[in-house]
Amino acid sequence: MTFEAYEAVVDDSASEARGRERQALSLGIDRLERVQGGRFSFEDLVESLLYVRRLWTIFIEDLAHPENALPEKLRADIISIGLWVVKEADRLREEKSNDVMQLIEINRLIRDAL
């Protein structure tokens, strides 16, 4: 395999990974929007928040991995956002907040940046 062919495979893999990340974020956003619209039961709210929380936990773990290729500053910034998302999802689940919109907006911003 030539270097150019290997590079193309790596680029395709990174592009596919970003596509999967966008899709996962979109699913979380859709679930949160239904919660915002009041079309879910409390159990559905908890399930939706746990989905977003698990997704961001995966992102944080990946970003913290030393082999992650993103620049260190960008990784740190996204980890900070992820920690906020996890905490906010917990606050919503514990009914210490009722503002789902902030969670929706930050997930949209990250998804659209991918």
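1. In which hand, left or right, does α2 pass α3? In this predicted model, α2 passes α3 in a left-handed crossing, and the points below set that crossing within the rest of the chain before turning to particular residues.

2. As an overall frame for a new reader, the secondary structure of the protein chain amounts to four helices and zero strands, which gives the pattern α-α-α-α when the chain is read along its sequence. The protein chain has 114 residues, of which 32% count as buried. Where contacts join residues at least 6 apart in sequence, 55% of them link residues at least 24 apart.

3. Returning to the pair named at the start, helix α2 covers residues 42-64 and helix α3 covers residues 72-93, and their axes come within 9 Å while crossing at roughly 160°. Because of that angle, α2 is roughly antiparallel to α3. On the α2 side, the contact is made by F42, V46, L49, L50, V52, R53, W56, T57, I60, L63 and A64, and on the α3 side by R75, I78, I79, I81, G82, L83, V85, V86, A89, D90, L92 and R93. Sorted by class, the contact of α2 with α3 holds 17 nonpolar residues, together with two polar and four charged ones.

4. The packing of α3 against helix α4, which spans residues 100-113, can be described in the same terms: their axes are 10 Å apart and the angle is about 155°. The two helices, α3 and α4, are therefore roughly antiparallel to each other, and their crossing is left-handed. From α3 the contact draws on I81, W84, V85, E88, A89 and L92, while α4 contributes V100, Q102, L103, I106, N107 and I110. By class, this contact of α3 with α4 comprises nine nonpolar, two polar and one charged residues. A reader tracing both interfaces may note that I81, V85, A89 and L92 of α3 appear in the contact with α2 and also in the contact with α4.

5. Which aromatic rings pair in this model? A search of the whole structure finds one aromatic pair, and it is made by W56 and F59, whose ring centres are 5.2 Å apart and whose planes lie at 85°, so the pair is edge-to-face. Because W56 and F59 are three residues apart in helix α2, about one helical turn separates them. W56 is buried, its relative accessible area being 1%, and F59 is likewise buried, with a value of 13%. W56 is also among the α2 residues that make the contact with α3.

6. Is S48, a residue of helix α2, buried or exposed? With a relative accessibility of 0%, S48 counts as buried. If its neighbours within four places in sequence are left aside, S48 is in contact with R31, V35 and F40.

7. One of those partners, R31, deserves a separate remark, since a charged side chain invites a check of its surroundings. R31 lies in helix α1, which runs over residues 3-36, and R31 is buried, with a relative accessible area of 14%; buried here means under 20%. Apart from neighbours within four places in sequence, R31 is in contact with F40, E47, S48 and Y51. F40 thus appears in the contacts of R31 and in those of S48.

Definitions and conventions:
Residues are numbered from 1 along each chain as its sequence is written. This is a predicted model: local features need pLDDT of at least 70, side-chain atom pairs count only at pLDDT 80 or more; totals for chains, interfaces and linings use all residues. Side-chain values use heavy atoms; hydrogens and water are left out. Axes are lines fitted to C-alpha atoms, for helices over the stretch in contact, and angles run from 0 to 180 degrees between N-to-C directions. Angles under 35 degrees count as roughly parallel, over 145 as roughly antiparallel, 65 to 115 as roughly perpendicular and the rest as oblique. A crossing is left-handed if the near helix is turned anticlockwise from the far one by less than a right angle, and right-handed if clockwise. Contact means heavy atoms within 4.5 Å. Ala, Val, Leu, Ile, Met, Phe, Trp, Tyr, Cys and Pro count as nonpolar, Asp, Glu, Lys and Arg as charged, and the others, Gly among them, as polar. Buried means under 20% relative accessible area, exposed over 50%, partly exposed in between (1.4 Å probe, protein chains only). Rings of Phe, Tyr and Trp (its six-membered ring) pair if their centres lie within 6.5 Å; planes under 30 degrees apart count as stacked, over 60 as edge-to-face and the rest as tilted.
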